[in-house]
Amino acid sequence: MFSTIVLATILTMSLTPHLVDYKSSLFNKMGFVSKVFDFLPAKDSLEMTSDKFEKKILLFGAHRAGKVILKDLMNRKDDLLVVDHNPEVIVTLKNKKISCVYGELSNTDILEKIDIQKLEMVISTVSSLEGNKLLLKSIKSKNPKTTVVVTANTITEALEMYNKGADYVMLPQVVAGADLSKLIHDGKRKDFSE
């Protein structure tokens, strides 16, 4: 029994880092297995709380940068649908009466439930290269007029996403560096408490 446990531990410790790197593509290929459990009731706070998914703006990720963007989009709250994988964020959005869906960027099931033809803008604050490429392909193939804004970690990734059809690519590290440089140059302390 001890040998079996040690072998299982070694195998899982060895395979886990490699599987994590390919989690999005593995989910897309093996996602059908999870459909077996669709009969289980969803926890109330994680249910899809959007109405008919006929929205004009789709925001992936409402934490960090997404929170700032969400604040600016509140004047178009009725046109907005937020997708986030953090249950606490979903509960907060639900309490604020903001249409939201619990999910991942790489989950193509969410995009199938949205009327993509009515989307004017899609914003992804998630910096997953594979997830954003999948998002670009799904949106641009069905509605090329939709403005798609994605997030990248590097300039190389940004160029790749522009080549895939992104209208704008955010580079948070570059923006943060530019802001810090300006702050150092101006010698002023900025108030972020607003």
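These legends walk through a few close-up views of one predicted protein model.

Local features are described where pLDDT is at least 70, side-chain atom pairs count only at pLDDT 80 or more, and totals for chains, interfaces and linings use all residues. Residues are numbered from 1 along each chain as its sequence is written, and side-chain values use heavy atoms, leaving out hydrogens and water.

**View 1. The whole protein, to get your bearings.**
Let's start with the parts list: 8 helices and 6 strands. Helices (H or I, at least four residues) and strands (E, at least two) are DSSP runs, numbered from the N terminus. Walk along the sequence and you meet them in the pattern α-α-β-α-β-α-β-α-β-α-β-α-β-α. Of the 194 residues, 32% are buried; buried means under 20% relative accessible area, exposed over 50%, and partly exposed in between, with a 1.4 Å probe and protein chains only. The accessible surface comes to about 13200 Å², and 60% of that belongs to carbon and sulfur atoms. Those areas come from the Shrake-Rupley method with a 1.4 Å probe, and for residues only the protein chains shown count as cover.

**View 2. Helix H3 and its two sides.**
Which residues of helix H3 (residues 65-73) are buried? They are Gly66, Ile69, Leu70 and Leu73. Seen down the axis of H3, these buried residues fall within an arc of 105 degrees, so they line one face of the helix. (The arc is that of the directions from the helix axis to the C-beta atoms.) Flip to the other side of H3 and you find Lys67, Val68, Lys71 and Asp72, which are exposed. The cover over the buried residues includes strands E1 (57-60), E2 (80-84), E4 (121-124) and E6 (168-170), along with helix H4 (87-95).

**View 3. A nonpolar patch on the surface.**
Leu7, Leu11, Leu15, Leu19, Tyr22, Leu26 and Met30 make a nonpolar surface patch of about 700 Å². Patches are made of residues with over 30% relative accessible area and no salt bridge; like charges are joined within 9 Å, and nonpolar side chains (Val, Leu, Ile, Met, Phe, Trp, Tyr) within 5 Å. Two elements, helix H1 (2-21) and helix H2 (23-30), each give two or more residues to the patch. H1 has the largest share, with 4 residues. Take leucine 7, which is found in H1: this residue is exposed, with a relative accessible area of 52%.

**View 4. Threonine 146, tucked into a loop.**
Threonine 146 is found in the loop between helix H6 (129-142) and strand E5 (147-151). Is this threonine buried or exposed? Threonine 146 is buried, at just 1% relative accessible area. Its side chain reaches the backbone oxygen of leucine 119 at 3.0 Å. Not counting residues up to four places away in sequence, threonine 146 touches several others, including Ile116, Met121, Val122, Ile139 and Asp167. Here a contact means heavy atoms within 4.5 Å.

**View 5. Salt bridges.**
Side chains of opposite charge can pair when their charged atoms come close. How many salt bridges does a search of the whole structure find? The search finds 5, where a salt bridge is a side-chain nitrogen of Lys or Arg within 4 Å of a carboxyl oxygen of Asp or Glu. One of them joins lysine 140 and aspartate 167, with their closest N and O atoms 2.8 Å apart. Lysine 140 lies in helix H6 and aspartate 167 in the loop between H7 and E6, so the pair ties together parts that are 27 residues apart in sequence. Lysine 140 is buried, at 17% relative accessible area, while aspartate 167 is partly exposed, at 40%. Another salt bridge joins aspartate 79 and arginine 76 (3.4 Å, N to O). Arg76, Asp79 and Glu120 are linked in a network of salt bridges.

**View 6. Two residues with positive phi.**
Most residues other than glycine have a negative phi. Arginine 64 has a positive value, near 55 degrees, and sits in the loop between E1 and H3. Arginine 64 is exposed, at 69% relative accessible area. Lysine 97 also has a positive phi, near 60 degrees, and its place is in the loop between H4 and strand E3 (100-102). Lysine 97 is exposed, with a relative accessible area of 67%.

How values were computed
A polar contact is a pair of N or O atoms within 3.5 Å; within protein, one must be able to donate a hydrogen and the other to accept it, and residues adjacent in sequence count only if both atoms are side-chain atoms.
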